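Hello,

Here is the structure I promised to send over. Please open it alongside this message; my notes follow.

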Amino acid sequence: MNQVVKKNALVNVLVIGGGGREHALAWKLAQSNRVHKVFVAPGNGGTALDSRMENINITEPGELLAWAATNDIALTLVGPEQPLAAGVVDLFRSQGMRIFGPTAAAAQLESSKAFSKAFMRRHGIPTADYDTFTDPAAAHAFVDRLGAPIVVKADGLAAGKGVVVAMNIAEAHAAVDFMLVDNTLGVTHNEGGARVIIEQFLTGEEASFIVMCDGKNVAVMATSQDHKRLLDGDVGPNTGGMGAYSPAPIVTPDVYARAMREVIFPTIKGMAEDGIPFTGFLYAGLMIETEGANKGHIKTLEFNCRMGDPETQPIMMRLKSDFFEVLWAATEPGAHGRLDKIELEWDRRTALGVVIAAEGYPMSPRKGDVMTGLPGKDSSVGDDAVVFHAGTAEKDGQTVTSGGRVLCVTALAESVKSAQLRAYEVAQDIAFAGMQYRKDIGHKAIKS
């Protein structure tokens, strides 16, 4: 089934996933002169509205492969973590289909926090001290011994919500119970059943450092920073992300160099040494020390094996390079791709995205509310703002909520403050019952 694509021919591409990240990836791919149509599986209400895109109601990897093979798909891009952990990349590659993402083995950097932490310890990548537990009683005893604040992480996929930063002992014990006993968050457990990682609490400022990898070479994406907490002032429960902006001022040239030297290069090298070459997006969540003698030092909070959400939305708005051509270079057949020949070009302006969430998010979001005030076919508002859809669907000619994070209103402007003002200006025109969003996205980067 090896693909033959004529040079400079118009091609069809497939984006797997249905969230805000996938809408932004499809939106950027659709701008390429090489792309005829972007298919999104399963897509959402926003990708359904765009004439350059078409939703495909398929999610099972084998069915996706069969559909792609019979619909002239030249390149597939995987958005979310679940199909990566399920081996969709392995499956497509086994049939000679071009696809960007890590294999199931490489995706363990995200799908198993125990694997990831052990990998970092083995290869000398800076991270917080930790221990791993399957027995609730032992985990509770460890919490009592270490005290709070402390961090409890589920060892499995949890859609970005499997981390509890417990500021007191009661929160830590509750986190252990709902991860190991009740599984309130719906964590997809790995082999051996429920397991948690309990680790040292780190202080500083978080940033998202994302690169594209072809097995050997990397192309660095624009820096970004997201807001995990639900409420203004960075309080409330952790979420999948309530907003993000790019670039991140906290990532100074020194921090950038440290991230490459201490985290990215050792990870790519270590995965290759372990016999698991890494291809796809590698997302390192960094904690950057902001005070004292170690100011600027970094530790790795976590790895993700895909673009972040909502970081993708502002990053894609700033990307000036032809995204299809970059992905095409990264998936060049052979031992590794041609990312060493690629230099990404970025808009010098700031992009900022505000997530609008449903009532009850993150624990029990309400669905089915009719939405008004949305922009039309290509989701843009002028030439400086885009409303990317996430948890939306089309029903009886109307757009309704279908998930927790519903939209990401993203704007491009000369400064963080200007981008923030523009994003909130657009957000104020959107309405649905119970909608909630933070009013301070980007506050850390706005100088008083």
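Is the crossing of helices H8 and H9 left-handed or right-handed? It is right-handed. Bear in mind throughout that this is a predicted model.

**The H8/H9 pair**

Start with the geometry. H8 covers residues 136-146 and H9 covers residues 169-181. The two helices pack at an angle of about 160 degrees. Their axes lie 10 Å apart. Angles over 145 degrees count as roughly antiparallel, and H8 and H9 are therefore roughly antiparallel to each other.

Now the contact itself. H8 contributes Pro136, Ala139, His140, Val143 and Asp144. On the H9 side sit Ile169, Ala172, His173, Val176, Asp177, Leu180 and Val181. Sorted by class, the contact of H8 with H9 has 8 nonpolar, 2 polar and 2 charged residues.

**The sheet with S6 and S9 at its edges**

This is an open sheet of 4 strands. The order is S6-S11-S7-S9, and the pairing is antiparallel. S6 (130-133) and S9 (163-166) each have a single partner strand, so one side of each is left without a neighbour in the sheet. Neighbouring strands here are turned by 20 degrees against each other on average, direction ignored.

Look next at S7 (residues 150-154) and S11 (residues 196-200). They pair in the antiparallel sense over 5 bridges. To find the register, take Ala154: it stands opposite Val196 in S11.

**The sheet with S13 and S19 at its edges**

Another open sheet has 4 strands in the order S13-S12-S18-S19. Its pairing is antiparallel. The edges are S13 (218-220) and S19 (298-304). Each has a single partner strand, so one side of each lacks a neighbour in the sheet. From one strand to the next, the twist averages 30 degrees.

S18 spans residues 279-288 and pairs with S19 in the antiparallel sense. That pairing runs over 6 bridges. For a point of reference, Gly285 has Glu302 in S19 as its bridge partner.

**Helix H1**

How many residues of helix H1 are buried? The count is 10 of the 10, across residues 20-29, so H1 is largely enclosed by the rest of the structure. Charged side chains are part of that list: Arg21, Glu22 and Lys28 are buried. So are Gly20, His23, Ala24, Leu25, Ala26, Trp27 and Leu29.

**Where to look**

If time is short, view the right-handed H8/H9 crossing, then the buried helix H1.

Best wishes

Conventions:
Residues are numbered from 1 along each chain as its sequence is written. This is a predicted model: local features need pLDDT of at least 70, side-chain atom pairs count only at pLDDT 80 or more; totals for chains, interfaces and linings use all residues. Side-chain values use heavy atoms; hydrogens and water are left out. Buried means under 20% relative accessible area, exposed over 50%, partly exposed in between (1.4 Å probe, protein chains only). Two strands pair if DSSP finds at least two bridges between them. Axes are lines fitted to C-alpha atoms, for helices over the stretch in contact, and angles run from 0 to 180 degrees between N-to-C directions. Angles under 35 degrees count as roughly parallel, over 145 as roughly antiparallel, 65 to 115 as roughly perpendicular and the rest as oblique. A crossing is left-handed if the near helix is turned anticlockwise from the far one by less than a right angle, and right-handed if clockwise. Contact means heavy atoms within 4.5 Å. Ala, Val, Leu, Ile, Met, Phe, Trp, Tyr, Cys and Pro count as nonpolar, Asp, Glu, Lys and Arg as charged, and the others, Gly among them, as polar.
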